[in-house]
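This briefing concerns helix packing and aromatic ring pairs. Please consult the sequence and structure below.

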Amino acid sequence: MQASPPATRQETVRFAFNSSLPIFFGYVILGTGYGLYMHNLGFGFWFPTIMAAVVYGGSVEFILASMLVQSFLPGNVVLITLVVGFRQFFYGLSMLKKYRGAGWRKFF
């Protein structure tokens, strides 16, 4: 059951923080695991930090990490990235009905 909408700014911030806390801990756990994985593969601190900022799909980061320690074939990287990232297309399909009359905001 969802709580009623907050009335004041402080209540709004508290509500948003409490709602975001589980997602925050998920990111912390996944980020820590990814950092440890990259460290075990021999990469320095800066490399996973840059990859996290540049790569859109989190699951692609794990795949790219293992591909970087093997012989690097750019075509394979592009193909695997597109295939793994294509799942976002299906997530978008499920939202078409919900945002039917959104106009230009539908793109976002």
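The points below treat one helix pair and then the aromatic rings.

This is a predicted model, in which local features need pLDDT of at least 70, side-chain atom pairs count only at pLDDT 80 or more, and totals for chains, interfaces and linings use all residues. Residues are numbered from 1 along each chain as its sequence is written, and side-chain values use heavy atoms, with hydrogens and water left out.

**Helix packing**

- Helix 3 (residues 58–68) and helix 4 (residues 74–85) have axes that come within 10 Å and cross at roughly 160°.
- The two helices, helix 3 and helix 4, are therefore roughly antiparallel (angles over 145 degrees).
- On the helix 3 side, the contact (heavy atoms within 4.5 Å) is made by Ser59, Val60, Ile63, Leu64 and Met67; helix 4 contributes Asn76, Val77, Ile80, Thr81 and Val84.

**Aromatic rings**

- Eight aromatic pairs (ring centres within 6.5 Å) are found in the structure.
- Phenylalanine 86 and phenylalanine 89 form a stacked pair (planes under 30 degrees apart), at 5.0 Å centre to centre and 15° between the planes.
- Phenylalanine 89 and phenylalanine 90 have ring centres 5.5 Å apart and planes at 75°, so this pair is edge-to-face (planes over 60 degrees apart).
- Phenylalanine 86 is partly exposed (from 20% to 50% relative accessible area, 1.4 Å probe, protein chains only) at 44%; phenylalanine 89 is partly exposed at 43%, and phenylalanine 90 is partly exposed at 48%.
- Tyr34, Tyr37 and Phe62 are linked into a cluster by ring pairs.

Notes:
Axes fitted to C-alpha atoms, helices over the stretch in contact; angles between N-to-C directions. Helix = DSSP H or I, 4+ residues; strand = E, 2+ residues; numbered from the N terminus. Parallel < 35°, antiparallel > 145°, perpendicular 65-115°, else oblique. Phe/Tyr/Trp six-rings, centres within 6.5 Å; stacked < 30°, edge-to-face > 60°.
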